[in-house]
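Hi,

Here is the structure I said I would pass along. Have a look at it first, and then read on for what turned up.

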Amino acid sequence: MCSAGSIDWRTAAQVFEQALRKHGVRPTAVTDVELAWDAFVGFLQTELTGVTPADEDGDGFVVQWGRRCWAGNRLHLDLTRQLASREGGDAEGPDGEAELWHVELRLAFDDEPTLIALERGLTAVDTGFRFDPIGPPRAAALAEVRAQAHQQALVRALWTATPVGSEVTFERAC
């Protein structure tokens with residue numbers, strides 16, 4: 001588990017980018033999905049202040065894959081941490097509810113005949129959100145999510161393919 005004192009949730013994208021760099025991964029030029037996953041695992045074990053507790057769905061994660069129009073209609077694999085916060089200027093929703101934010105590593109892949117064929121066999125496009133607490137419960141959940149994602153042949157293929165584009169984003173979830 002990473003611990004670096006108090007890390008404000010608003011800096012989550014920078015924290016993730018640092019984790020990627022520590023693993024030898026450039027956030028805008030990911031070439032090794034496995035190394036990016038390792039960085040994501042470390043990032044998800046990093047405590048952030050200002051988020052609602054995990055048992056209130058304040059700090060969770062999901063893995064998503066498929067084809068997205070916002071990704072140039074390319075195949076993608078996204079590693080996402082969802083944060084909910086009631087802090088800050090615009091961070092509180094209209095009914096006093098926490099706003100949801102996503103820190104996401106978006107990986108885009110070129111269409112290759114093998115990947116296109118595997119895309120046709122998809123039975124799921126994400127793992128569903130998990131909100132297990134940081135520490136051993138989250139480590140176990142991460143292992144389960146990875147195994148769940150790898151049940152999809154497309155995800156296994158993307159995991160070993162070289163992305164043609166990548167970026168870390170930090171956006172308010174709709």
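**Salt bridges and one leucine**

R106 is buried, at 16% relative accessible area. Keep in mind that this is a predicted model.

R106 doesn't sit there alone: its side chain forms a salt bridge with that of E104, 2.6 Å from N to O. E104 is buried too, with a relative accessible area of 7%. Both values fall under the 20% cut-off, so R106 and E104 count as buried. The pair also belongs to something wider, since E104, R106, E167 and E171 are joined in a network of salt bridges.

How many salt bridges does the structure hold? The count comes to 13. As a reminder, side chains of opposite charge can pair when their charged atoms come close. Here are two others to pull up in your viewer.

- R74 and D110: the side chains meet at 3.3 Å, N to O. This one ties together distant parts of the chain, with the partners 36 residues apart. R74 is in strand β2 (residues 74-85), while D110 is in the loop between β3 (99-109) and α3 (113-119). As for exposure, R74 has a relative accessibility of 34% and D110 has 35%. Those values lie between the 20% and 50% cut-offs, so R74 and D110 are each partly exposed.

- R130 and D132: another side-chain salt bridge, at 3.0 Å from N to O. The 20% cut-off runs between these partners: R130 is partly exposed because its relative accessible area is 22%, whereas D132 is buried because its value is 18%.

Now for the leucine, away from the charged pairs. Is L142 buried or exposed? L142 is buried, with a relative accessible area of 3%, and it lies in helix α4, which covers residues 136-149. Which residues does L142 touch, once its neighbours within four places in sequence are left aside? The contacts are W37, V41, L44 and F61. Take L44 from that set: L142 and L44 are 98 residues apart in sequence, yet their C-alpha atoms are 9.0 Å apart in space.

If you only have a minute, I'd start with the network of E104, R106, E167 and E171, then go to L142 and its contacts with W37, V41, L44 and F61.

Cheers

Definitions and conventions. Residues are numbered from 1 along each chain as its sequence is written. This is a predicted model: local features need pLDDT of at least 70, side-chain atom pairs count only at pLDDT 80 or more; totals for chains, interfaces and linings use all residues. Side-chain values use heavy atoms; hydrogens and water are left out. Helices (H or I, at least four residues) and strands (E, at least two) are DSSP runs, numbered from the N terminus. Buried means under 20% relative accessible area, exposed over 50%, partly exposed in between (1.4 Å probe, protein chains only). Contact means heavy atoms within 4.5 Å. A salt bridge is a side-chain nitrogen of Lys or Arg within 4 Å of a carboxyl oxygen of Asp or Glu.
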